[in-house]
Amino acid sequence: MSHPLPIRFRDTDLEALARQTGRMALLAEPGSTLSPAARRIDRAMKGALSRAVASDAFDKLKPGEALEMSFPSGLAVDVLLLVRLSKRADIAEARKAGGAIGKGHGTTPCLILGESHPRAADIAFGFALRAYEFNAHKTGEKKDPGAVAMMVADAEKVAKAAAPMAAVAEGVFFTRDLVNEPANVLTTYDFAARLAAMQELGLDVEILEEPELLKLGMGALLGVGQGSESPSKVVVMHWNGGKKGEAPFALVGKGVVFDSGGISIKPAAGMEEMTMDMGGAGVVAGVMRTLALRKAKANVVGLVGLVENMPDGRAQRPGDVVRSMKGDTIEVINTDAEGRLVLADVLWYAQERFRPTGIINLATLTGAIIIALGHENAGVFSNDVPLASAFLKAAAAEGEGAWMMPMGDSYDAKLKSRIADMMNVGGREGGAITAAQFLKRFIKPDMPWCHLDIAGTALLKNDTSLAPKGATGWGVMALDRMIRDRFEKG
Ligand code: BES
Ligand code: MN
Ligand code: ZN
């Protein structure tokens, strides 16, 4: 499992600068005077640093971007990173600056001169997020990453501010690892075992196996998994850090460990990407981990439906009719629209058993949401304005793209079936919306609910300022913040 790099905070020691090896990063702003540490470095470099800060190249940088100086004479480091960052930088700029430093992090030590920057902890957080690597399946000698230290004006204070951020980074990494993991490794068994291991952190974890799911009547979920050699499972994670007996908030995730499409099989090209189809469950798991690590004062229950969608002699066929736990019957027109079948039963179970104060579900649900929003925003669907607003606000604060999508009865009408209560597809047009309408049929009338379609944001082909290419962990930071703001204030 990947853990964030520990960053040691130290009080500033100007004497140590000339001796530092590896990499060093300092913060500067065009046109403003150099900090004491920068002045010391400038002297050692015989003025080259002030020339760099006054250069066009530095002036052209955006806030949070860095200029790299190799083998600076007068210093012992191999790389000096000049990071453009103002003292008035917002959280996003500070994280981006940290990310620019974390990006190049290898096996050599790194010293960040945080000085008296008010967002030093955010810079460290950005570093940690960007320095993530998934190398579980790379053979060859594994070298330890270089030690990271940050010099700041008040080390104790910054370390205290950074502690809860470390819990968030750990949750994000947990999600990224799960999403990056191939499906022969992350089977339903393996996924459930990784969640069960979180009991160490004080979470209660229950695993519901197929006989139990059958008894509960989860015919929609079980139909999806019936072609797989790996049994379907529902895992329930409880974090009870809030008031005793108070109803929890529920997080529900789609955990399709591999989506071949089933009998409605997907084309070969790109099918390997469907190892990420458990991304919703991955985010739920990452948030639960963060809540436990930072001992959140909130009651939250996380539920994930773990299944594998495979073609087989026993697999579900197009045209089959299944009965959901709610009792509604579903005509399975396309076995590749499987996520909604899984969620239908887990959403219903979550409401019946926990009577939560609200539900947010996450799913890599539709290709259509990628056509609508690209990879920059997840689709937000909701029946409750306050809940959706709270989520959107938290997502904006965390820099995680999220965009409100419409819903309505005329979309729902497209799900009408000739022989059952509904079909599992509503046609190509507005496909992300008809999928959301399908889920809404399994939400009780007064239940505040929000569906996040993360098909476009869970995994990226290019790196970003806070993540290498691959799994992003999108949503962990926003949900953790929303829970903090909604349940832990006052
Ligand atoms: N897991 C896919 C959606 C998906 C597509 C996720 C691309 C990530 C990237 C989902 O199960 C699916 O196959 N949806 C179909 C629905 C259709 C058959 C109505 C789709 O989007 O094509
Ligand atoms: Mn599918
Ligand atoms: Zn899927």
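The donor residues of the manganese ion (ligand 2) follow the spacing D-x76-D-x1-E in sequence. Asp259 sits in strand E9 (residues 249-259), whereas Asp336 belongs to the loop between strand E12 (329-331) and helix H11 (339-354), so this pair ties together parts that are 77 residues apart in sequence. The model is predicted.

Protein donors to the manganese ion (ligand 2) are Asp259 (OD), Asp336 (O), Asp336 (OD) and Glu338 (OE). They lie 2.0 to 2.2 Å from the ion. Asp336 thus appears in the donor list with both O and OD. The manganese ion (ligand 2) has six donor atoms. The angles among them run from 72 to 168°. The site is classed as irregular. For reference, ideal angles for six octahedral donors are 90 or 180 degrees.

A second metal accompanies the manganese ion. The zinc ion (ligand 3) is 3.2 Å from the manganese ion (ligand 2). Asp259 coordinates both ions. Asp259 is buried, as its relative accessible area is 3%, under the 20% cut-off.

Internal voids were also examined. The count comes to one cavity of 30 Å³ or more. The volume of the largest cavity is about 40 Å³. Its lining comprises Gly223, Val224, Gly227, Gly262, Ile263, Asn309, Met310, Ala315, Gln316 and Thr335. By class, four of the lining residues are nonpolar and six are polar. No charged residue lines the largest cavity.

Note on methods
Residues numbered from 1 in each chain as written. Chains lettered and ligands numbered in written order. Predicted model: local features only at pLDDT ≥ 70, side-chain atom pairs only at ≥ 80, totals over all residues. Heavy atoms only, no water. Donors = N, O, S within 2.8 Å, 3.2 Å for Na, K, Ca; no water. Tetrahedral: all angles 85-135°; square planar, octahedral: opposite > 155°, others 65-115°. Helix = DSSP H or I, 4+ residues; strand = E, 2+ residues; numbered from the N terminus. Buried < 20%, exposed > 50% of the residue type's maximum accessible area, 1.4 Å probe, protein only. 1 Å grid on protein atoms, 1.4 Å probe; cavity = no way out; pocket = protein on both sides within 12 Å on 5 of 7 lines; lining within 4 Å. Points joined across faces, edges and corners; volume = space filled by probe spheres on them. Nonpolar A, V, L, I, M, F, W, Y, C, P; charged D, E, K, R; others polar.
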